[in-house]
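I am keeping these notes as I go through the structure. I begin with the rings and then turn to a sheet and the helices that lie on it.

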Amino acid sequence: MSTTMAEVNRLLRKTAGLINNDNPSPFQGQFRVGVDLGTADIQTIVVDAAGKPLAGYMEWANVVRDGIVVDFFGASQIVREQVRRASEKLGIRIEQVTTSFPPGTDSRISTNVIEAAGLEVAGVIDEPSSVAKLLQLQHAAVVDIGGGTTGTAIIENGEVVRSMDDATGGRHISLVIAGHFGLPYEEAEEMKRASRDQALCGLVAPVIAKMADIVRSHIAGHKVPAIYLTGGSCALPGFLDVFAAEFPGIDVILPEHPLYLTPLAIATYSEAVQAPVHQQRQTQRQAQRQKVG
Ligand code: ATP
């Protein structure tokens with residue numbers, strides 16, 4: 001495991017501990033904000049200038065489907081509320097955020113939601129590229145298994161050279177669980193997320209094998225020494241063993257709390273480092289003084 005991965009795992013543990021925690025934690029310094037609009041959830045993460053997580057919000061939400069925002073108003077309301085809670089927790093004013101888009105989709109889908117939430121777009125990046133940058137990958141594949149899709153980005157010499165996406169994700173795992181136990185979809189989804197042992201993994205192994213088939217077709221013809229997993233579906237206990245067995249000769253690396261890796265990477269990517277309100281005022285005063293002088 002590279003030092004970077006160990007460091008990223010530390011940041012992910014920190015992020016997991018912050019999720020939806022409103023306890024006031026006044027912050028003074030520069031910060032960056034990332035918003036990840038997914039098919040299963042919306043997440044907002046705030047990090048400091050060094051990339052250390054300061055606040056994190058996540059809401060399960062059914063507002064994006066097949067790369068399209070099906071509930072535009074709902075999505076922008078969730079973003080607005082998450083940003084409000086983060087601002088209040090940290091005692092800062094958030095005016096700009098960085099957002100992302102799945103490869104092959106129109107980035108305006110995300111930026112329109114951000115603007116409708118009354119925020120400026122500080123930056124936009126495709127999801128696997130953000131992860132590749134955070135992990136400083138040179139030659140590898142980033143595989144994102146989210147709610148609706150399995151996506152792969154191939155990185156060569158530090159750049160994404162190919163990215164693909166196919167429609168099998170955590171939703172399909174939940175559907176198998178629902179069918180097996182005769183449960184409504186929502187209950188199966190909750191059962192899956194609450195699972196702490198490998199009992200469900202055997203049942204859904206064919207879905208995981210299908211995801212591996214998709215990834216195999218994505219990386220065909222490329223020399224991929226390592227696969228870095230991201231996305232909430234990889235958090236299922238036992239997932240890594242079933243998935244990795246499909247790729248002999250390739251290192252398959254699962255971060256801790258893969259649900260938070262992409263949003264953390266988006267927040268860290270931001271180019272614009274914002275200053276909190278009191279600093280912004282100070283900077284304005286300095287500028288005025290310089291003008292006068
Ligand atoms: P997409 O990438 O398809 O747009 P998304 O970004 O919303 O979707 P993620 O937030 O990465 O996807 O992951 C959401 C998926 O992860 C859901 O299907 C959810 O059921 C699943 N998931 C979350 N936590 C767990 C867990 N502990 N065990 C298994 N699956 C989980």
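**Notebook: rings and a sheet**

I looked first for aromatic rings that come together, and I found that Phe 239, Phe 243 and Phe 247 are linked into a cluster by ring pairs. I note at once that the model is a predicted one.

I then took the pairs one by one, since the structure holds two aromatic pairs. The pair of Phe 239 and Phe 243 is stacked, with 5.6 Å from centre to centre and 15° between the planes. Why are Phe 239 and Phe 243 separated by about one helical turn? I checked their place in the chain and saw that they are four residues apart in helix 8, which covers residues 239–244, and therefore about one helical turn separates them. The second entry is for Phe 243 and Phe 247, whose pair is tilted, at 5.1 Å centre to centre and with 40° between the planes.

Are the rings of this cluster buried or exposed? I looked up the accessible areas and found that Phe 239 is buried, with a relative accessible area of 0%, that Phe 243 also has a relative accessible area of 0% and is buried, and that Phe 247 is buried as well.

I next looked for charges placed over rings. The charged end of Arg 171 sits over the ring of Tyr 185, at 4.8 Å from its centre, and Arg 193 lies over the face of Trp 60, where the distance to the ring centre is 3.7 Å.

I went on to an open sheet of five strands, which has mixed pairing and the order 10-9-8-11-12. Which strands stand at the edges of this sheet? They are strand 10 (159–166) and strand 12 (251–253), and because each has a single partner strand, one side of each is left without a neighbour in the sheet. I also noted that neighbouring strands here are turned by 20° against each other on average, with direction ignored.

I reminded myself that strands of a sheet pair through backbone hydrogen bonds, in either a parallel or an antiparallel way. Strand 11, residues 226–230, pairs with strand 12 in the parallel sense over three bridges, and Tyr 228 has Ile 253 of strand 12 as its bridge partner.

Last, I looked at which helices lie across the strands. Helix 4 (residues 127–134) lies across strand 8 (140–145), strand 9 (150–156), strand 10 and strand 11, and runs at about 130° to strand 8. Helix 7 (residues 199–219) lies across strand 8, strand 9, strand 10 and strand 11, and I wrote down its angle to strand 9 as about 35°.

Technical notes. Residues numbered from 1 in each chain as written. Predicted model: local features only at pLDDT ≥ 70, side-chain atom pairs only at ≥ 80, totals over all residues. Heavy atoms only, no water. Pairing = 2+ DSSP bridges. Helix = DSSP H or I, 4+ residues; strand = E, 2+ residues; numbered from the N terminus. Axes fitted to C-alpha atoms, helices over the stretch in contact; angles between N-to-C directions. Contact = heavy atoms within 4.5 Å. Phe/Tyr/Trp six-rings, centres within 6.5 Å; stacked < 30°, edge-to-face > 60°. Buried < 20%, exposed > 50% of the residue type's maximum accessible area, 1.4 Å probe, protein only. Lys NZ or Arg CZ within 6 Å of the ring centre and 35° of its normal.
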